[in-house]
Number of protein chains: 2
Amino acid sequence: MSNNREVAKLAGVSVATVSRALQKPELVSLKTRNKVLSAIKKLDYRPNLMAAKFRSGKSGNLVVLVPTVANLFFARVISGMQEEAHKRSYSILLCNTFGNPEMEEGYAKMVHTFQADGVIQLRAYNPFGAEDAGGNAALPMVNACEVLDDTTVPTVALDNRAAARAMTEHLLQLGHRRIAVIKGPKSSPLTRDRLAGYRDALEEAGIAFDESLLCPGDFTLHSGHKAAGVLIDLNERPTAIFCENDEMAIGAIQRIKQSGLRVPDDISVAGFDDIAFAPFSDPPLTTIAQPAEEFGSTAVSLLIDLLEGRIKKAPKVILPFELVVRASTGPASIEETLQ
Amino acid sequence: MSNNREVAKLAGVSVATVSRALQKPELVSLKTRNKVLSAIKKLDYRPNLMAAKFRSGKSGNLVVLVPTVANLFFARVISGMQEEAHKRSYSILLCNTFGNPEMEEGYAKMVHTFQADGVIQLRAYNPFGAEDAGGNAALPMVNACEVLDDTTVPTVALDNRAAARAMTEHLLQLGHRRIAVIKGPKSSPLTRDRLAGYRDALEEAGIAFDESLLCPGDFTLHSGHKAAGVLIDLNERPTAIFCENDEMAIGAIQRIKQSGLRVPDDISVAGFDDIAFAPFSDPPLTTIAQPAEEFGSTAVSLLIDLLEGRIKKAPKVILPFELVVRASTGPASIEETLQ
DNA sequence: CATAAAAATGTATCCGGATACATATAAGAT
DNA sequence: ATCTTATATGTATCCGGATACATTTTTATG
């Protein structure tokens, strides 16, 4: 493999000129530049970017910590990241962590060993751990989708509380009074915020909060299916179920139909995320649309700006949501409304 | 940031000893090793792996070219890759290419510039292009999922022809005679092979191949929905539709139900892939299960073996499939069977 | 205790671009 | 033609580990 010096020799110039001809062509005369370029061509020279990166101290890599790529929402987020990173000449090092803190910490350490310049974390956990204790130095990190609230790093999030409130209000307007919630993992701030939005709406409508209508889930189809089974068997069955993501909603719909009940006639079901399958469920799913790709591109953009020193104070970006009403939610039956 | 030499100085040893204490501890006496380790601790030294990689000429990165991550099958494949790469101390550079050859070629060039050691391509296209013309040097590449047949690189694939044949036979056994196919993009070998398997089964059953029962798609929910619309309106409507992936099958089922027809009573629908949503569609989808994660882990494993010189001849790995019969396929109606 | 063999450590150099600084050449002003 | 700038090019060095080879120390053997 040919290098700098061989090209210089063949072109009859110095290595500095070769380097300049490639990096800052305007500093090199046309004649010289052509000599260099033809030498490069003749030798089939390719600059060793590992060397360049090593010298510059910038790897050009961004570590992305994602609980699981096998999730349509995260997949779209990653897609958005990839596109933005590519535009900005950065690469994405994808790390599936299954939400495992040790694994997240391990990958975050790639920054310490100069294998990556920064980290995007899609979960509410600081993989740099105690290191941040002092809170002094800005961590090369952006927190997106599910964010920590006490963090000093840039974040990209949805106003989950407002979104959940909007969805709950939609259900209330349809006359529902017993609205169940299938939650995400209990440690998640995302779940906490969505639940807060749900309670906001209930309170405003003067409806008492009923703990028994909350059911835990883990964002998978199966957990939605299982949770719906529990809710159906309640003494006072809910007339609507608000699921914290679409997968659980689709699982819940199946379970409800298996019980011989109808959606939305007997029970309305709402989701969150608006994944590609949402309009194709039966009935099509009422949900909250999130700009998933934008989460990714914004996170990457913020991280690069941070790394390149264009950011002073950690911004907290809030992306917009949209209530998408489809056929899985409908009016509560008359008896219910009158209760 | 502290380096090699500072550690050496503080520990009162040479840089070579520091390096050895970390890389080959058995070559360093316990006493010296402890001195080095405590110096490392005191200085909070982290070896610059960019430097090490640069020197060794191995980046430890694998480029993964995927048409789109926002696809549940590919997402699982990538998940499998990530896990295997992590085990073997390699990193995955994820590249969403949208099946764009220029983009694929661009990313593949990362190998030339030493940013990556090898490439895993999940599509039937050689991103190293004409370079392979001579077919001399082994390309640092593994082709998985949708593979080229004339390639000299290792491949990981399913016996798509046998799988499609198995599915078609299943439909034939249920009495179907007019079996439509919603295909993938026409340039895909995957589509070609699955179609061949379909024809094998028809031929064996003595049923004439009918071109009008083939409908193009692009593996999306919408394309399945649209294609089903066309098939429903045929003069002689098919009694079963074999879709080349589950997304299209789910799209097709929705379209069929929208026409007031029932699945499987009026039309049976089968998919391919067995994505997480398959058992949750209504009715649950009959499909071909593929070991998606294994595609990923096997591809990574092969590529690393290739890069590290443990492979002589390019292996062609065939992974097993499984016919998963659920409720979306059922017996053809009597009239149909008697026709 | 001498000597050979093994183990431990050190010295010097390499990897391949990037670039500060020095030098040389060309263009412009008077 | 002379001197000042601007432009172009070259020289030398750095980045931070890895390691071939040299040297020193320790252990084993007769």
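## Protein surfaces around two DNA strands

In this predicted model, 28 residues surround DNA strand D, and T17(A), T32(A), R55(A), R5(B) and R55(B) are the closest. By class, these surface residues are 12 nonpolar, 10 polar and 6 charged. Among the atoms of DNA strand D within 4 Å of the protein, 51% are sugar or phosphate atoms, and the rest belong to bases.

DNA strand C is also surrounded by 28 residues, of which N4(A), R5(A), R55(A), T32(B) and R55(B) are the closest. The surface near DNA strand C has 12 nonpolar, 10 polar and 6 charged residues. Sugar or phosphate accounts for 53% of the atoms of DNA strand C within 4 Å of the protein, and bases supply the rest.

The table lists polar contacts with the strands.

| Residue and its atom | DNA atom | Distance |
|---|---|---|
| R20(A), polar side-chain atom | base nitrogen, strand D | 2.9 Å |
| S29(A), backbone N or O atom | phosphate oxygen, strand D | 2.9 Å |
| N4(B), polar backbone atom | phosphate oxygen, strand D | 2.7 Å |
| R55(A), side-chain N or O atom | base nitrogen, strand C | 2.7 Å |
| S14(B), polar backbone atom | phosphate oxygen, strand C | 2.7 Å |
| T17(B), side-chain N or O atom | phosphate oxygen, strand C | 2.7 Å |

Two or more residues of the surface near DNA strand D come from each of α2 and α4 of chain A, and α1 (4–11), α2 and α4 of chain B. For DNA strand C, the elements that each supply at least two residues are α1 (4–11), α2 (15–23) and α4 (49–56) of chain A, with α2 (15–23) and α4 (49–56) of chain B.

An unreviewed UniProt entry places the feature "domain: HTH lacI-type" at residues 5–56 of chain A. That span is 73% helix and 0% strand, and its end C-alpha atoms lie 19 Å apart.

Notes
Residues are numbered from 1 along each chain as its sequence is written. Chains are lettered from A and ligands numbered from 1 in the order in which they are written. This is a predicted model: local features need pLDDT of at least 70, side-chain atom pairs count only at pLDDT 80 or more; totals for chains, interfaces and linings use all residues. Side-chain values use heavy atoms; hydrogens and water are left out. A residue is near a molecule or strand if one of its heavy atoms lies within 4 Å of it. A polar contact is a pair of N or O atoms within 3.5 Å; within protein, one must be able to donate a hydrogen and the other to accept it, and residues adjacent in sequence count only if both atoms are side-chain atoms. Helices (H or I, at least four residues) and strands (E, at least two) are DSSP runs, numbered from the N terminus. Ala, Val, Leu, Ile, Met, Phe, Trp, Tyr, Cys and Pro count as nonpolar, Asp, Glu, Lys and Arg as charged, and the others, Gly among them, as polar. UniProt positions are given in the numbering used here, feature names are shortened, and annotations may be inferred rather than shown by experiment.
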